[in-house]
Amino acid sequence: MMQSFLPVLERVAEEIEGLAGRGRPADYIPALAAADPRSFGMAVAEVDGSVYGVGEWQRPFSTQSVTKVFTLALALAKEGDALWEHVGREPSGNPFNSLVQLEYEQGIPRNPFINAGALVVTDRLHRLTGDASGSLRDFLRAESGNDDLDFDRDVAASETEHGDRNAALAHFMASYGNIGTPVPTLLREYFRQCSIEASCADLAVATGFLARHGVRADGSRLLTRSQAKQINAVMLTCGTYDAAGDFAYRVGLPGKSGVGGAIIAVVPGRCTLCVWSPGLDERGNSVAGVVALDRFTTITGLSVF
């Protein structure tokens, strides 16, 4: 079983070799601008925790918005359905940092994976734990088995310095009473969250609780089956910014991307994947990463459909 997907990964890596290098790194965050778009790694973790990969699958990188899945899981586990009173579950159809919808929807973000929604979730988690980013880091360390997993201070500082749009989103939602943490504190926690460095191996293993229907690596239950289903559903419909429909069409799995170049994906009951390549398309998704996942599901026939 342990080697069952390795030939598939090797085939995928060979087929997309020419794609790594397409797209552009997230140059609006200076600390990410120097990433080499030719880099590529991909890992698969079975539900029993076995993990293997190809390319630079053990090289740490900036996780960015991929972390939104884990903060959502932690907040939902603690708060339950009351969380959904503060953030929606619908695709936005707008860029991930858009202010447009918030005004006519009275400060309630469309979903937890656009920046406004992620700020709300981080706010909820921080109020529940007193340390949102630390809770996230501890969870990722425990699930991945990597105690060295940590924040990248340079990336966090770079995002803070260029975080005016996120500050505007947070202040706007606070004006509607949908943010309770002082905005400077919330932004610090959010930027720390996004700065976490991890590898494809780390993230594939850490995402395993969603393939195990809410059960953590140690066998304890984080989420109910229904809550795990909810997160997978929102990942499928909202996880790749305003390209979620195309991602569902091509890949057919719940997924979440980040502008660091990573995408995680879930095959419920079977395995989890993480692919990383920093060259992004115009919507902020890894060019090679989307193609790699498309090829993986086409070759294996694995899909939620």
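Let's start with one pair of residues: Val44 in strand β1 stands opposite Leu273 in strand β8. Keep in mind that this is a predicted model.

**Strand β1 and its partners**

That pairing belongs to a longer match, since six bridges join β1 to β8 and the two strands run antiparallel. On top of that, β1 is joined to strand β2 by five bridges, again in an antiparallel arrangement. Here, Gly41 of β1 is the residue that faces Gly55 of β2. The two pairings of β1 look like this:

| Partner of β1 | Residues of partner | Bridges to β1 | Direction |
|---|---|---|---|
| β2 | residues 51-55 | five bridges | antiparallel |
| β8 | residues 271-276 | six bridges | antiparallel |

With β2, strand β1 makes a hairpin that has four residues in between. Take a look at Gly49 in that turn: its phi is positive, at about 100 degrees.

So is β1 buried or exposed? Six of its six residues, 41-46, are buried, so the rest of the structure largely encloses this strand. Its residues point two ways: Gly41, Ala43 and Ala45 go to one side, while Met42, Val44 and Glu46 go to the other, and all are buried.

**Helix α5**

Now for a helix. α5 covers residues 115-129, and its 15 residues should span 21 Å at 1.5 Å a residue. The C-alpha atoms at its ends are 21 Å apart, so the expected span and the model agree.

This helix is mostly covered too, with 12 of its 15 residues buried. Among them are Asn115, Asp123, Arg124 and His126, along with Leu119, Val120 and Val121. What do these buried residues pack against? Their neighbours are the helices α3 (67-79), α4 (100-104), α6 (132-144), α8 (164-175) and α9 (183-194). Just after α5 comes Gly130, which has a positive phi near 80 degrees.

**Where α3 meets α9**

Two of those neighbours of α5, namely α3 and α9, also meet one another. Two packed helices are described by the angle between their axes and the distance between the axes. In this case the axes come within 9 Å and cross at roughly 125 degrees. An angle like that falls outside the 65 to 115 degrees that count as roughly perpendicular and is not over 145, so α3 and α9 are oblique to each other. The crossing of α3 past α9 is right-handed.

Which residues make the contact? From α3 come Thr67, Lys68 and Thr71, and they meet Tyr190, Gln193 and Cys194 of α9.

How values were computed: Residues numbered from 1 in each chain as written. Predicted model: local features only at pLDDT ≥ 70, side-chain atom pairs only at ≥ 80, totals over all residues. Heavy atoms only, no water. Buried < 20%, exposed > 50% of the residue type's maximum accessible area, 1.4 Å probe, protein only. Pairing = 2+ DSSP bridges. Expected span 1.5 Å × (residues − 1). Contact = heavy atoms within 4.5 Å. Axes fitted to C-alpha atoms, helices over the stretch in contact; angles between N-to-C directions. Parallel < 35°, antiparallel > 145°, perpendicular 65-115°, else oblique. Left-handed = near helix turned anticlockwise from the far one by under 90°.
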